[in-house]
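Colleague: I am new to this structure and would like a close look at a single part, the disulfides. Please take me through how the cysteines are joined and where they sit.

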Amino acid sequence: MRKNSKVTQREHTSEHVTESVADLLAHEAPLDYKNSSLNVGGVPGKKIVLEPPENDGRPAWNSKLQYILAQVGFSVGLGNVWRFPYLCQKNGGGAYLVPYFILLVLIGVPLFFLELAVGQKIRRGSIGVWNYVCPQLGGIGVSSLMVCGFVGLYYNVIIGWSIFYFFQSFQYPLPWAECPIRRNGSLAIVEPECEKSSATTYFWYRQTLNTTSTIADSGGLNVKMTLSLLVAWIIVCLAVIRGIASSGKVMYFSSLFPYVVLFCFLVRGLLLKGAVDGIAHMFTPKLEKMLEPQVWREAATQVFFALGLGFGGVIAFSSYNKIDNNCHFDAVLVSFINFVTSILATLVVFAVLGFKANLMNEKCVMENGEKILGYLNSNVLSHDLIPPHVNFSQLSTVDYAEIYAVIKTVKEGSFAELSLDPCVLEDELNKSVQGTGLAFIAFTEAMTHFPASPFWSVMFFFMLINLGLGSMIGTMTGITTPVLDTYKVQKELFTVCCCIIAFFCGLLFVQRSGNYFVTMFDDYSAGLPLTVVVILENVSVAWIYGTKRFMQDLEDMLGFRPHAFYFYMWKYVSPCCLIVLITATVIEMAISPPGYNAWVEELAQERFQSYPPWALAMCFSLIVVAMLPLPVVFIARYFNLMSDGSNKLSVSYRKSMMKDISNLEEVDEARSILGKNPGETPSPKPPSQWYVSIPTGGYAMLNMQYVLV
């Protein structure tokens with residue numbers, strides 16, 4: 001028996017005892033569970049085996065390290081590599097880290113701790129957890145499952161793209177290093193679409209996606225991307241088919257390997273010319289940006305999605321923990337690792353982008369230097385404008401800036417006709433690149449200039465595959481765990497069926513117009529529904545279940561009481577922040593025209609296009625379908641049209657429920673165990689309860705399943 005247990009405390013105190021036997025049995029572990037027996041109904045020879053919550057047949061992690069790696073793998077994903085650096089660059093560089101860190105402390109860590117705690121206490125997936133906390137808000141778990149389904153459909157497509165690039169990287173030179181040559185008889189010309197854009201852009205839009213110019217033109221299936229998606233789903237299926245028994249082992253590699261690659265890229269990137277310029281640009285704070293509400297909204301959204309809140313994966317993973325696991329330590333550790341990973345990825349990205357910006361700036365100087373030389377030879381410009389120390393064969397950026405300033409001053413009236421570019425390095429560094437544009441265009445272009453570029457390309461895309469796989473395992477666990485907890489279905493068969501159905505649904509994203517549907521699902525299927533889900537999670541625990549009651553549960557479970565900081569965060573601060581975030585998200589959606597960036601082949605550029613009516617209806621249908629379970633389950637249970645799911649609860653689940661009932665009704669059967677006035681009238685019993693003969697002579701109510709031996 002633990003030193004901090006309630007029974008031990010009673011030996012040193014005279015406090016009034018109100019716990020029920022169910023409370024004691026749920027929390028106090030006898031020395032030998034299999035040999036502990038009680039006479040049932042006074043019939044000799046009939047014994048029961050009372051298993052602790054940890055031994056109720058539920059799978060468990062092999063080690064604490066495996067569990068931490070699973071949570072890290074789920075929370076650290078592609079967003080850390082291509083979303084966080086973009087937001088950092090866009091929102092003030094180093095200044096962006098201040099609001100991000102503040103909101104991580106106010107929203108991220110408390111809500112992450114909350115999800116870990118409820119999953120570990122109730123030992124169920126998202127559906128079972130929220131059915132227990134508040135049955136009328138049981139739709140929270142179903143909405144989480146729906147969002148996981150939507151996100152998993154398009155997220156695995158991105159893994160498919162990475163798989164395609166991974167296999168294409170085993171070539172030298174890399175296939176996106178140069179524009180293809182088109183043969184026209186005896187003439188050899190550069191592909192016009194590629195010449196207007198760039199080799200990496202052309203390879204992405206034309207040879208990888210072969211994209212159409214509008215979302216309305218499907219263009220048929222892209223065979224290469226369809227095969228890549230099939231491979232991605234096979235990998236995911238093999239990783240999760242046996243639950244945490246298989247996914248836990250996969251996490252050892254998929255969670256750790258990306259850090260090896262990031263450190264290798266950081267060392268290599270710092271040795272590149274211009275890397276310091278990129279990092280200095282990144283961490284030069286623009287403090288005025290901190291006063292803009294948009295910066296705080298985007299920081300809150302990034303914190304929200306970086307930790308995987310609301311998806312159900314966090315709850316599912318923690319439900320396989322031991323009941324006394326220190327989930328507070330886990331919440332702080334995983335949040336810290338996530339933050340450090342984002343900083344590490346930002347350093348890598350901007351070291352490489354600084355190198356690329358220097359290359360592009362030198363190219364700009366060379367091209368404009370040739371223009372000036374042509375103007376000098378044709379007497380459009382006078383040689384007197386050129387400083388004597390300038391050597392056009394080795395024109396530096398400093399010399400070009402000096403020439404540019406002189407010409408602009410002297411030829412002020414006709415300067416625009418010369419079509420000269422300023423070629424400022426800062427302008428190149430300020431070009432914001434995010435998402436697929438960062439990974440599949442900007443990064444791939446920079447890697448073509450690396451020595452041994454195929455090696456670095458293979459490493460980079462293998463890292464993306466592992467980052468995506470870690471997140472997909474968490475997403476799939478957020479789907480399979482609550483369903484397997486609720487219904488008796490075979491785990492392997494159900495997992496395979498889910499992957500097959502998801503593959504066929506995912507064919508929507510591997511059409512030639514599929515990239516536009518990925519953007520649509522990313523914008524509409526998760527943002528608002530997940531924010532609503534998380535605020536309802538927060539409210540149901542803090543205001544319906546009760547923050548004080550929850551804090552007491554944590555003290556019983558962890559052996560110590562969490563700091564009062566969490567009480568006030570859960571009760572007041574986090575709900576207020578989430579309400580502001582929801583309001584800002586709705587306003588942003590209302591004022592921003594719904595649309596997508598379409599690739600126009602004739603212009604070889606992206607152009608913003610509004611969604612057609614059917615696509616607009618599809619956008620809002622994603623939001624409605626994801627949030628529909630919330631009102632449906634509430635209404636059904638409010639009018640008693642649906643069971644609260646108590647008939648599907650496990651032994652440990654029912655023990656927890658009995659504890660809460662006994663605490664609320666102040667049942668005093670425990671007095672009889674301690675020999676205090678056993679003759680008092682017992683509390684009224686429900687008709688379905690058993691009476692168990694206690695060796696000390698008292699009686700107790702147990703609403704649980706027994707194993708008769």
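Modeller: Counting bonded cysteines along the chain, the disulfides follow the pattern 1-2, 3-4. The model is a predicted one, and it holds two disulfides.

One of them is formed by C179 and C194, with sulfur atoms 1.9 Å apart. This pair links distant parts of the chain, 15 residues apart: C179 lies in the loop between helix 8 and strand 2, and C194 lies in helix 9. The torsion about their S-S bond is about -80 degrees, so this disulfide is left-handed. C179 is partly exposed, with a relative accessible area of 24%, whereas C194 is buried at 1%. Strand 2, which follows that loop, runs antiparallel to strand 3 and is joined to it by four bridges. The two strands form a hairpin with two residues between them, and G185 in the turn has a positive phi of about 70 degrees.

The other disulfide is formed by C364 and C423, whose sulfur atoms are 1.9 Å apart. Here C364 in helix 17 is linked to C423 in the loop between helix 18 and helix 19, 59 residues apart. The torsion about this S-S bond is about -80 degrees, so the disulfide is left-handed. C364 counts as buried because its relative accessibility is 14%, under the 20% cut-off; C423 is buried as well, at 11%. Helix 17 also belongs to what covers the buried residues of helix 18.

As for C497, the closest cysteine sulfur is in C498, 7.2 Å away, which is too far for a bond. C497 is partly exposed, at 36%.

Methods: Residues are numbered from 1 along each chain as its sequence is written. This is a predicted model: local features need pLDDT of at least 70, side-chain atom pairs count only at pLDDT 80 or more; totals for chains, interfaces and linings use all residues. Side-chain values use heavy atoms; hydrogens and water are left out. Contact means heavy atoms within 4.5 Å. Two strands pair if DSSP finds at least two bridges between them. A disulfide is a pair of cysteine sulfur atoms within 2.5 Å. Buried means under 20% relative accessible area, exposed over 50%, partly exposed in between (1.4 Å probe, protein chains only).
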